[in-house]
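Reader: I'm new to reading protein structures. Could you walk me through this one?

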Amino acid sequence: MTTRAALLVLADGRFPAGGHAHSGGAEPAVKAGHIRNAQDLASFCLGRLHTTGLTSAALAAAAAHGIDPLALDEAADARTPSPALRGVARKLGRQLMRAARATWPSPELTALAEARPRGAHQPVVLGLTARAAGLGPADAAHCVAYETVSGPATAVVRLLSLDPFEATAVLARLAPALDEVAEQAAEAARHGIEALPAASAPLLDITAEAHAAWPVRLFAS
């Protein structure tokens with residue numbers, strides 16, 4: 001049975017899936033001077049949302065729709081050119097899997113965990129988690145879209161001592177774009193893997209590789 005409460009639990013930043021340790025590319029963007037204030041944060045989040053966010057949301061929606069998660073995991077690999085980001089996606093997927101199986105245990109989650117003991121890509125795990133929680137593809141897509149922007153916003157509050165009210169206002173103003181991306185992702189998921197978007201953000205890939213080599217950093221990615 002579908003329940004909106006399950007969506008709130010899954011999207012809650014306090015859900016123990018490890019996302020709090022990741023900045024979604026915001027840390028290197030801050031260091032490079034690309035994010036200096038709330039306006040820059042909004043631009044960064046919007047760009048991330050319409051590229052990697054759309055791709056990840058579609059993968060999650062497809063998993064929630066019932067498409068083979070192993071095939072989707074391979075599709076996620078093909079859409080993630082950065083080795084550092086592939087590693088992050090699998091680490092987050094492994095952490096999410098632990099929380100998901102404790103919260104909404106299901107044979108599908110168990111099968112994926114056994115097939116990918118080192119972790120499947122996080123959006124795929126999230127979509128399968130949404131399915132186990134009785135949520136649909138659009139719910140999974142909305143959850144990923146929100147994570148795409150809320151992670152960097154939370155990180156920038158810590159990195160720049162940005163006023164949290166300003167960061168929250170950025171997220172609120174992005175709401176229409178979040179809905180748009182989630183709807184596009186859910187629609188693509190209805191047509192199979194070949195129809196899934198493969199939008200990318202090359203600068204995020206490049207900075208992720210550099211960030212992974214930093215000797216000191218506040219966030220894991």
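Author: Happy to! A nonpolar core is a set of buried Ala, Val, Leu, Ile, Met, Phe, Trp, Tyr and Cys residues joined through side-chain atoms within 4.5 Å. Keep in mind that this is a predicted model.

Reader: Which helix gives the largest share of the largest nonpolar core?

Author: The core has 68 residues, and Leu10, Ile35 and Leu196 are among those with the most contacts inside it. Of these core residues, 14 come from the helix that spans residues 38-65. That helix is H3.

Reader: How many disulfides does the structure have?

Author: A disulfide needs two cysteine sulfur atoms within 2.5 Å. The sulfur of Cys45 has its closest cysteine sulfur in Cys143, and because they are 16 Å apart, the distance is too far for a bond. Cys143 is likewise in no disulfide. A search of the whole structure gives a count of zero.

Reader: Is Cys143 buried or exposed?

Author: Residues under 20% relative accessible area count as buried. Cys143 has a relative accessibility of 1%, so Cys143 is buried.

Reader: Within what arc do the buried residues of H4 fall?

Author: In helix H4, which covers residues 69-78, Pro69, Leu72, Asp73, Ala75 and Ala76 are buried. Looking down the axis, these buried residues line one face of the helix, because they fall within an arc of 160°.

Reader: And which exposed residues sit on the face of H4 turned away from its buried side?

Author: The buried residues of H4 are covered by parts including H3, H5, H6 and H7. The face turned away from the buried side carries exposed residues, namely Glu74 and Ala78.

Notes:
Residues numbered from 1 in each chain as written. Predicted model: local features only at pLDDT ≥ 70, side-chain atom pairs only at ≥ 80, totals over all residues. Heavy atoms only, no water. Buried < 20%, exposed > 50% of the residue type's maximum accessible area, 1.4 Å probe, protein only. Helix = DSSP H or I, 4+ residues; strand = E, 2+ residues; numbered from the N terminus. Arc of directions from axis to C-beta. Contact = heavy atoms within 4.5 Å.
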